[in-house]
Amino acid sequence: FTCDLIRNFSIIAHIDHGKSTLADRLLELTGTIKKKEIGKNEQVLDKLKVERERGITVKAQTASMMHPFGGKQHILNLIDTPGHVDFAWEVSRSLAACQGALLLVDASQGVQAQTISVFHIAQERGLKIIPVLNKIDLPAAQPERIAAQMQSTFGIDPEDIIQISAKTGRGVDQVLQAIIDRIPPPKGTATGPLKAFLFDSMYDRYRGVISLVAIQDGILKKGDRIASCHTKKKYEITDIGVLNPEEIPVNGLHPGQVGYIACNMKESAEAHIGDTLYRVGAVVDPMPGFKPAKAMVYAGIFPIDTSDFPKLEESIKRLALTDRSVTIQRESSTALGQGCRLGFLGTLHMDVFRQRLEDEHDANIIITAPTVPYKIVYKDREVYVSNPTEFPDAIDVSSKVKEVQEPVVKASIIVPEEYFGDMMDLCFTHRAEELEHKYLDAGTGTESRIMLNCVIPLSEIVTDFFDQLKSRSSGFASFDYEEAGYKPSNLVKMVFLLNGKPVDALALIVHRSHEDAIGKLWVKKLVKVIPRQMFEVPIQAAVGKKIIARETLSAYRADVTAGLYGGHVERKMKVLERQKEGKARMKRMGSVDMPQEAFFEIMSSK
Ligand code: GTP
C-alpha cells in the first residue's frame, strides 16, 4: 500500500449529534462489520460500560476500513475521538493523526458549543473539514436553516455540506466518496527513519498497554526495538496489527497506516499521547506539540470503612493502569483516615472514575468536594495547591503570600435567545468576566440562537454550573470551555468546626464573595447529617478567625436515624446495608461523633 491509497480521518461533533451511529454505518457500508438491524442502536465503537450507561463516548476507539474506489482498494482509517469537554485535550491529540475530519451537525439541533470548539481544533491542525448535516430524517430537521448557520459561523459553503441520515443510511455513501475525494492522503516515506505518532492507548490485562500509532515514516514490524522521544524508555514490539475494529495482526505497518502495537508497556502512564516512537539508535525530531495531560480537578477518595484502605488503594491503582490521565497521591485525614488524592481532567472524568471504582471494584467510598489547582505566589516561589488543607490559613503580610491565583477557562455557551437573560445571570453569579455575545443566525425571530463567550474561574464550573445551565435553559444550552491560564483572585480557606474543633476533610477554598452563602449552606447541610449528642453542638463555618455561619445541633432526644439520611435512595440502602453488616464505625471528633456515613451524605448531596 502506498500513502495515496490511505485516508486518515475523524468524526467530530457535539454530543449526541450521531457520531457513533455514523461510524457504525461507515463500518457496515465498507463491509468491515455486518449490517445490524437498523434502530437497534448498539454502537460498535463504544465499549466501556459507563459509556453505554451514559450514552457518551469517554474513550476513543479506532477502526480501519477497506473500500474500493476507481478499481483500487483504499484504506480508510477512522480515528475516533471522545465526546466530552473534559477530553478536549485528547480530541486534539487524536486529530494530530488525521488529515481530515467530518464535522457532523444534527439538522434539528444546529451548531452547538462543542461543534464550535471541535471545529476550531480541527482548523488549527490544518485538517480538511467535510461538513455533514445528520438526522435529516427527523421531522424537526431544518437543513437549510442549519446550513446557513454553518455558513455564518464557520464560513462553510452550503454547497459543500452533505446531508445524511446516519440512522437510515441515506447519503452515507456520499460521505465515503467525499473522504476519498476531499481529504488528502498522509505524506510519508518508507525509507525515512521510523517515526510513529502515538495517539491513543488502551489497557489489556494480559499484554499490558496497547498503543495506537499512526506511522509517519519508515516501516514498523514485530520484533523491532523502539524508544519513546518523551521518556527515552525502550521497548520491543511483541504484537502489531490493525483494528477492523477488532485486532488483526499484520507483518508490518507502513507509512500512513494506523494500527496497534503491544510492547510490554506496563502502565498506561508510559504511553504518552502525542509522543513520537523511533527506532532504538536512530536520531529523530519528535513530532511537534507534545504536552502531557493536565489534571484540572482534584478530590480525596477515602474508604467508608477505614480498614478497607489497602484494598481501595489497590483498586485505584489497578483502574489507573487503564486510565493514563488520572494522577494519584496518598492523603491522610484526621477525620477520614487514609485515602488517596486523585487528579482528573474534569468532573465528568471524576464521575466516570468513581463509577468504575464502584462497579468494577465494588468500592465503598467517600469522595470529597472537588478542588482545582490554585497557585500560591510567594515572594520567591510559586506553589500549586490542590488540597484545601494545604491552602494558607490567612493571606496577609505575615504569611509571606504575595497573591493567590486560580485557573480560569474561556467558556462559550450557545442558547436560544429567550434564555439569554438567564444565562447572563448564571454567568454573573459565577464570577464570569469579559462577557460578549453574538447571534449565530440573524433575523430568524424567536428561533435565533446566541453565542455567549466569557472568561470564568474553573472552580465555578466544577460545582453546579453545568446542572444549572441545563435546568435554567430547559436543557437547550450547550457549553464548552478551554483552559485560559491563571488569574489573581480573592480566595479564602473555609473550615468547619464541630464543637469548636475543625474537621480537616471538610475544608474548602472559596471566593470571598461567596463565603457567606457557602458557609450558611454547608452548616445547614451538616446539621442535618450529624447525629445528635447528649449535649448541644455548635456547627460553625470559619474563615481565618471569623465565624461566617453557625447552626446548633440540639441535644439528643429520641431516634437518631430519623432525619439522618437524605439523598439517593439506593445509596441510603447501601449505607444501611453496610451498617447492618456491622461495618459502620464512628469517628471521634473531639467529643463529637462524625460518622463516615455523615461524610458520605454530605459529599454526595448537591
Ligand atoms: P457521543 O458518543 O455521546 O458523542 O454521541 P454520538 O455523537 O456518538 O451520538 P450517537 O451516535 O450515540 O447518536 C445519538 C442519538 O441520535 C442516538 O439515539 C441515535 O440513535 C440518534 N441518531 C443518530 N443519527 C441519527 C439520524 O440520522 N436520525 C435520527 N432520527 N436519529 C439519529
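In this predicted model, I11 of strand β1 has L102 as its bridge partner in β4. The two strands, β1 and β4, run parallel to each other and are joined by 5 bridges. Strand β1 (residues 6-13) also pairs in the parallel sense with strand β3 (residues 72-79), again over 5 bridges, and here I6 is matched with I75 of β3. Burial of β1 is easy to describe, as 8 of its 8 residues are buried. I6, N8, S10 and I12 point one way from the strand, while R7, F9, I11 and A13 point the other way.

Strand β4 (100-106) turns up again among the elements that cover the buried residues of helix α5, together with α4 (113-124), β5 (128-134), β6 (162-163) and β25 (449-457). The buried residues of α5 are P143, R145, I146, A147, Q149, M150 and F154. At 1.5 Å a residue, a helix of 12 residues such as α5 (residues 143-154) should span 16 Å, so the 16 Å between its end C-alpha atoms agrees with expectation. Just after α5, G155 adopts a positive phi of about 70 degrees.

Turning to the nonpolar cores, the largest has 50 residues, and L357 and I413 touch the most other members. Strand β23 (residues 401-416) supplies the largest share of this core, with 6 residues. Beyond its neighbours within four places in sequence, L357 is in contact with I301, L312, S315, I316, L319, D362, A363 and I365. A second, separate core contains 42 residues, among them A107, L127, V258 and A262. In soluble globular proteins, nonpolar side chains tend to be buried together.

Notes
Residues are numbered from 1 along each chain as its sequence is written. This is a predicted model: local features need pLDDT of at least 70, side-chain atom pairs count only at pLDDT 80 or more; totals for chains, interfaces and linings use all residues. Side-chain values use heavy atoms; hydrogens and water are left out. A nonpolar core is a set of buried Ala, Val, Leu, Ile, Met, Phe, Trp, Tyr and Cys residues joined through side-chain atoms within 4.5 Å. Buried means under 20% relative accessible area, exposed over 50%, partly exposed in between (1.4 Å probe, protein chains only). Helices (H or I, at least four residues) and strands (E, at least two) are DSSP runs, numbered from the N terminus. Contact means heavy atoms within 4.5 Å. The expected span of a helix is 1.5 Å times one less than its number of residues. Two strands pair if DSSP finds at least two bridges between them.
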